[in-house]
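Student: Could we go through a protein chain together, one question at a time? I would like to learn how to reason from a structure.

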Amino acid sequence: MKVYSAIARALSDNGVDTVFGLIGDANMYYVADYLKAGFGQYIGAVDEGGACSMAQGYARVSGRVGVASVTHGPAAANTVNAMVEAVRAHTPLVLITGDTPGKRDHIQHIDLKGLFAETGAEYHRTIRAEHVVDDIARILARVAATGVPAVLDIPFDISHQEIDYEPAAFAQFDRQPVHPDERALDEALGRLASANRPLILAGRGAVESGARDHLIALADLLGAPLATTASAKDFFRGHPYDLGIMGTSGLEWAVDVIAKSDCIAAFGAGLNYYTTVDGELLAERSVIHCDNNPGAIGRFFPISVPVIGDAAATAAAMVDHLKAAEVRPTTFRESQLGDGVLSRSPRESFDDKSGSQTLDQRTAMITLDELLPRDKVVVTDGGRFTAAPWRYLHVEESRNFVQTFAFGSIGLGTATAVGAAVARPDLLTVAVTGDGGGMMGLIEFSTAVRHNIPFLMVVLNDSAYGAEYGKLVRSGFDASACFVQWPEFAEVARGLGGRGVTVRTEKELRDAVAGLDALQDQLLIDIKADPHVSFTEI
């Protein structure tokens with residue numbers, strides 16, 4: 001059997017039924033064999049970076065390892081931005097590429113190990129043809145277990161050699177929860193039991209460990225409100241004392257409550273600059289930081305008590321200890337929030353700044369949330385606009401929300417959303433972008449069209465690079481360079497084979513969204529917004 005046929009079979013044998021990619025010399029033969037054998041589906045992207053982002057969206061929503069396949073040289077180089085995003089978002093992703101043919105000064109040669117060294121992804125090279133089947137199984141298993149993305153380099157010259165196919169000796173295994181050290185647990189419990197205004201914070205690690213019920217039980221025992229990072233959005237949705245997202249994109253009233261806390265217990269949360277408002281929300285209070293990765297604890301700011309452990313296992317242990325000690329709950333959440341927050345109307349949390357020709361982005365997101373199916377997938381690009389969907393556009397399961405701002409990049413959201421839509425064909429997938437990132441990623445809208453993937457893309461379009469505009473204006477500079485006259489997004493969407501609608505008012509948005517619970521095609525809604533309306537700073 002040719003190695004390229006063995007690659008196709010090994011992917012299938014290890015449960016890979018979806019590959020995202022762009023074909024070239026290094027990968028086109030095994031992709032062709034993969035399809036010929038009926039092993040699974042191949043989603044061909046327009047750009048290699050888009051393929052990598054699609055695999056990331058697929059992985060984040062499905063919980064499975066995402067697989068992207070590209071050829072060598074410039075193709076691999078095109079994935080670097082997306083690979084950094086995957087690493088910093090702790091996304092289980094395998095990128096398969098390959099070194100160029102063994103010719104002196106090959107035009108597409110580049111040092112693949114050096115190229116990916118700064119991304120943080122692991123690099124693995126198949127040395128011998130007979131290793132390829134084991135290497136594929138081994139890397140897939142490793143990524144599934146660690147959540148650290150990997151690059152698998154299968155050199156072109158190896159891929160055309162002959163081998164005898166033998167099933168791999170390596171196999172995937174489930175992650176085993178890490179239980180906290182009793183001494184660390186006792187110190188953390190001491191801080192929590194003595195706190196007058198405790199807060200429970202959940203990050204993506206808490207979502208992955210299934211810690212929701214344990215954390216709610218812990219919060220109820222302590223009388224603590226609950227909050228999440230952006231990556232764990234809506235994890236506590238429906239609980240009467242859910243504050244939503246903590247940090248720069250949180251609701252103002254919720255951040256005010258968080259600022260009054262005297263002890264924060266964070267589970268599987270990075271506690272980065274955005275979540276903590278440059279550390280302000282951690283200052284002068286006890287901070288208990290629980291994570292199963294020791295390297296993540298106290299990475300950005302000093303913390304009081306480090307607890308190395310799985311979020312669910314640690315929270316469950318805390319609940320057991322507090323119940324045994326008969327700890328009485330504080331009155332913190334009732335004193336700040338009364339009977340809870342469920343009766344609060346999101347429209348009352350701000351003054352609508354819509355004009356005759358523009359729609360307030362916050363109002364647009366609330367309207368979409370009212371009209372779209374409750375159970376949906378939401379993927380956001382990066383930029384100033386993100387506070388609107390992060391605050392007001394909701395999902396039923398936290399896994400179905402994906403934000404693509406771990407690297408601070410714009411332009412990754414659309415492709416990531418295509419991959420998410422492939423992972424959950426039973427749900428409506430909504431991609432929300434700004435106009436800058438939307439124009440960067442718009443070409444992958446055509447991938448959804450070509451593969452007939454139902455897909456809704458919403459562009460919050462103020463014809464400006466909003467974050468830069470705000471910073472320049474606040475610094476007293478001329479901000480004219482921030483404004484861009486784009487082609488009409490709706491026209492471009494139609495040119496790419498989908499549908500496009502331009503919206504300037506809430507009524508027009510309601511008309512555009514009517515019937516989208518049964519969306520079977522690809523629709524772009526271009527929402528015109530006012531660049532001078534700013535409701536957050538990033």
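**Starting from one residue**

Tutor: Happily! Let's begin with phenylalanine 445, which sits in helix α20 (residues 445-450). Keep in mind that we are looking at a predicted model.

Student: Is phenylalanine 445 buried or exposed?

Tutor: A residue counts as buried when its relative accessible area is under 20%. Phenylalanine 445 has a relative accessible area of 0%, so this residue is buried.

Student: Which residues does phenylalanine 445 touch, not counting residues up to four places away in sequence?

Tutor: Leaving out those sequence neighbours, its contacts include Thr414, Phe455, Met457 and Ala493. From further along the list come Leu496, Gly498 and Arg499. The remaining names are Gln522, Leu523 and Leu524.

Student: How many Å apart in space are phenylalanine 445 and glycine 470?

Tutor: Along the sequence, 25 residues separate phenylalanine 445 and glycine 470. In space, from C-alpha to C-alpha, the two are apart by 29 Å.

Student: Let's try another helix. Which residues of helix α11 (residues 212-222) are buried?

Tutor: Here is a helpful idea to start with: an α-helix has 3.6 residues a turn, so residues three or four places apart point the same way. In α11, the buried residues are Leu215, Ile216, Leu218, Ala219 and Leu222. They cover an arc of only 160 degrees around the axis, so they lie on the same side of α11. The names you asked for are therefore Leu215, Ile216, Leu218, Ala219 and Leu222.

Student: What value does phi take in glycine 223?

Tutor: Glycine 223 comes just after α11. Its phi is positive, at about 70 degrees.

Student: How many residues of helix α1 (residues 3-13) are buried?

Tutor: α1 is mostly covered. Among its buried residues are Val3, Tyr4, Ile7 and Leu11. Of the 11 residues in α1, the number buried is eight.

Student: What do the buried residues of α1 pack against?

Tutor: Two of the partners are strands, β1 (18-22) and β4. The others are helices: α2 (28-36), α7 and α8 (156-159).

Student: One of those was α7. Is aspartate 135 in that helix buried or exposed?

Tutor: Aspartate 135 is found in helix α7 (residues 132-146). Beyond its neighbours within four places in sequence, aspartate 135 is in contact with Arg125, Thr126 and Leu152. Its relative accessible area is 7%, so aspartate 135 is buried.

Student: Now for the loops. Where is histidine 90, and is this residue buried or exposed?

Tutor: Histidine 90 lies in the loop between α5 (80-88) and β4 (93-97). Its phi is near 55 degrees, a positive value in a residue other than glycine. With a relative accessible area of 56%, histidine 90 is exposed.

Student: What is the relative accessibility of glutamate 284?

Tutor: Glutamate 284 is in the loop between α13 (273-276) and β11 (286-291). Although not a glycine, glutamate 284 has a positive phi of about 60 degrees. This residue counts as exposed, with a relative accessibility of 84%.

Student: To finish, let's step back. What is the radius of gyration of the whole chain?

Tutor: The chain has 23 helices and 18 strands. The globule rule gives 24 Å for 538 residues, and the chain comes close to that, so it is as compact as a globular protein of that length. Its radius of gyration is 24 Å.

Student: And how much of the chain is buried?

Tutor: The C-alpha atoms fill a box of roughly 70 × 60 × 45 Å along the principal axes. Of the 538 residues in the chain, the buried share is 58%.

Key: Residues numbered from 1 in each chain as written. Predicted model: local features only at pLDDT ≥ 70, side-chain atom pairs only at ≥ 80, totals over all residues. Heavy atoms only, no water. Helix = DSSP H or I, 4+ residues; strand = E, 2+ residues; numbered from the N terminus. Rg over C-alpha atoms; globule rule 2.2 N^0.38 Å. Buried < 20%, exposed > 50% of the residue type's maximum accessible area, 1.4 Å probe, protein only. Arc of directions from axis to C-beta. Contact = heavy atoms within 4.5 Å.
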